[in-house]
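This report looks at side-chain polar contacts and salt bridges. Please keep the sequence and the model in view.

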Amino acid sequence: MRIRAYSKKELAVCLMPELSPDCARRNLRHWIINNARLHAELSHLGYSAAQNMLTPAQVETIVKYVGTCKDIDY
């Protein structure tokens, strides 16, 4: 997986390709909210629940906690 800026939906679909895009995005949101360490690290990087695009640093942090996109070859 290439670390770059992703929309939340794009990253969520990459991480959970078996789910619909909207369901995957909601699951990603829940992962972030329910993992206090992940949420704190993202907040330190300027993350806001209202933002649509994730910065490369935010993507790298999410991948560190939840894993990489296994089904997509970049």
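In this predicted model, the side chains of glutamine 51 and glutamine 58 make a polar contact at 2.8 Å. The glutamine 51 side chain also reaches a backbone atom: the oxygen of methionine 53, at 2.5 Å.

Where does glutamine 51 lie? It sits in the loop between α3 and β2 (53-54). Is glutamine 51 buried or exposed? Its relative accessible area is 17%. The cut-off for buried is under 20%, so glutamine 51 counts as buried.

Which residues does glutamine 51 touch, leaving aside those up to four places away in sequence? They are Lys8, Gly46 and Gln58. Lysine 8 is 43 residues away from glutamine 51 along the chain. The C-alpha atoms of these two residues are separated by 8.4 Å.

**Salt bridges**

How many salt bridges does a search of the whole structure find? The search finds four. Three of the pairs are set out here, with the N to O distance for each.

| Acidic residue | Basic residue | N to O distance |
|---|---|---|
| Glutamate 10 | Arginine 4 | 2.6 Å |
| Aspartate 22 | Lysine 9 | 3.0 Å |
| Glutamate 41 | Lysine 64 | 2.8 Å |

Take glutamate 10 and arginine 4, whose closest N and O atoms are 2.6 Å apart. Glutamate 10 is partly exposed, at 32% relative accessibility.

Aspartate 22 and lysine 9 form another salt bridge, with their closest N and O atoms 3.0 Å apart. Why does this pair tie together separate parts of the chain? Aspartate 22 belongs to helix α2 (residues 21-34) and lysine 9 to helix α1 (residues 8-15), so the bridge joins parts that are 13 residues apart in sequence. Aspartate 22 is partly exposed, with a relative accessible area of 36%. Lysine 9 is also partly exposed, with a value of 35%.

The salt bridge between the side chains of glutamate 41 and lysine 64 spans 2.8 Å, N to O. This pair links distant parts of the chain, 23 residues apart. Glutamate 41 is in helix α3 (residues 36-44), and lysine 64 is in helix α4 (residues 56-66). Glutamate 41 is partly exposed, at 27% relative accessibility. Lysine 64 counts as exposed, at 56%.

Which residues do salt bridges with shared partners join into one network? They are Lys9, Asp22 and Arg25.

Methods:
Residues numbered from 1 in each chain as written. Predicted model: local features only at pLDDT ≥ 70, side-chain atom pairs only at ≥ 80, totals over all residues. Heavy atoms only, no water. Buried < 20%, exposed > 50% of the residue type's maximum accessible area, 1.4 Å probe, protein only. Helix = DSSP H or I, 4+ residues; strand = E, 2+ residues; numbered from the N terminus. Contact = heavy atoms within 4.5 Å. Polar contact = N/O pair within 3.5 Å; in protein donor to acceptor, adjacent residues only side chain to side chain.
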